[in-house]
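Work through the two exercises below with the sequence and the 3D structure at hand. Each task is followed by its solution.

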Amino acid sequence: VRSSDGRYAPSPSGPLHLGNLRTALLAWLFARSQDGRFVLRIEDLDPQRSRAEHALRAISDLRRLGIDWDGEPLRQSERHERHREALGQLIAAGRAYPCWCTRAEVRLASAAPHAEDGTAAYPGTCRELTAAARAARERGGPPRAWRFDGGREVVGFRDLLHGECSGVVDDFVLWRGDDVPAYQLAVVVDDADAGICEVVRGDDLLESTPRQVRLAQLLGFDVPRYVHVPLVRAYDGKRLAKRSSAAQIDDLLGDGGSIERLVGWMGSSVGLVAPGLELTAAELLGRFDARRLSGPMTA
Ligand code: GLU
């Protein structure tokens, strides 16, 4: 394991869009510019939302962009037993408990939303059950989820672009009632097992990171470094802006666009190169300097 191994971990619930592709490119640039291995992991945990055709498309879109990876793409759905083992470890450590609350009950019980995204933290109803109340719920049926006992701990971490960050760890779901591991658990286990040292991903996941840092610590893993990169909120190319679906690679390349032009835009949108250049991912790699990632990261 090198200290710079990285990954890209798309969920195959839809086609990759411009933002996903730029994040993937950045993750690849970070790893490869430090001579790191690069892993592609298909996060197909949720059988309802994952589609094999989206996974295949993602793989071919990334290749077209000029991104390469080591080994075969990993499939998260194949790691169910390993995820279960990690859940077992947390249960044994007294940090996971079964929860029978319905969605509606969780909503009602949460007095006020505290998270910035308006979602309310689970108030811990099932954590506090008396033995009798728990027995009654057990008789009523299997749990609807396994939750992490977060203890309202504040967990901090350092992000390359965001600096010192911290957040309160809530009682989030570790395992769903339909026997699907939660993203929060699977991502930590899979990154650790793949030897990932640097996680480069979209900054929509910044709020989840304290949870993942805590899980990694409890499971005895090294906590990776984090780089949360901005999402693309608009695309400034005139030709592309008029397409409402200017998101997928074919739309982006329509009407004579080229991969080099797209990669050039991606590079310039994050301050790596001057606007208007056309270059391959390999050429951009040759000019990659993480210290320059201070530019306007959105279009
Ligand atoms: N699968 C997640 C997504 O597509 C990304 C997970 C991660 O990078 O940690 O949003």
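**Exercise 1.** Find which ligand atom lies 2.8 Å from an N or O atom in the side chain of Tyr183, then describe the surroundings of the ligand.

*Solution.* Step 1: the partner of the Tyr183 side chain is an oxygen atom of the ligand, a polar contact (a pair of N or O atoms within 3.5 Å). The protein buries 78% of the 300 Å² that the ligand exposes when taken alone (accessible area by the Shrake-Rupley method, 1.4 Å probe).

Step 2: a polar side-chain atom of Ser11 is 2.8 Å from a nitrogen atom of the ligand. Ala9 uses a backbone N or O atom, 2.7 Å from a ligand nitrogen.

Step 3: residues around the ligand (a heavy atom within 4 Å) also include Arg7, Glu43 and Arg201. By class, the shell has 5 nonpolar, 1 polar and 3 charged residues; Tyr, Ala and Pro count as nonpolar.

The model is predicted, with local features requiring pLDDT of at least 70 and side-chain atom pairs pLDDT 80 or more, while totals for chains, interfaces and linings use all residues. Residues are numbered from 1 along each chain, and side-chain values use heavy atoms, without hydrogens or water.

**Exercise 2.** Determine the strand order of the open sheet and what packs on the sheet.

*Solution.* Step 1: the 3 strands (DSSP E runs of at least two residues) have the order 1-2-3 with parallel pairing (at least two bridges).

Step 2: strand 1 (6-8) and strand 3 (74-75) each have a single partner strand, so one side of each lacks a neighbour in the sheet.

Step 3: strand 2 (residues 38-42) is joined to strand 3 by 2 bridges; Arg41 has Leu74 as its bridge partner.

Step 4: helix 2 (residues 52-65) packs on the sheet and touches strand 1, strand 2 and strand 3 (heavy atoms within 4.5 Å).

Conventions
A polar contact is a pair of N or O atoms within 3.5 Å; within protein, one must be able to donate a hydrogen and the other to accept it, and residues adjacent in sequence count only if both atoms are side-chain atoms. Helices (H or I, at least four residues) and strands (E, at least two) are DSSP runs, numbered from the N terminus. Axes are lines fitted to C-alpha atoms, for helices over the stretch in contact, and angles run from 0 to 180 degrees between N-to-C directions.
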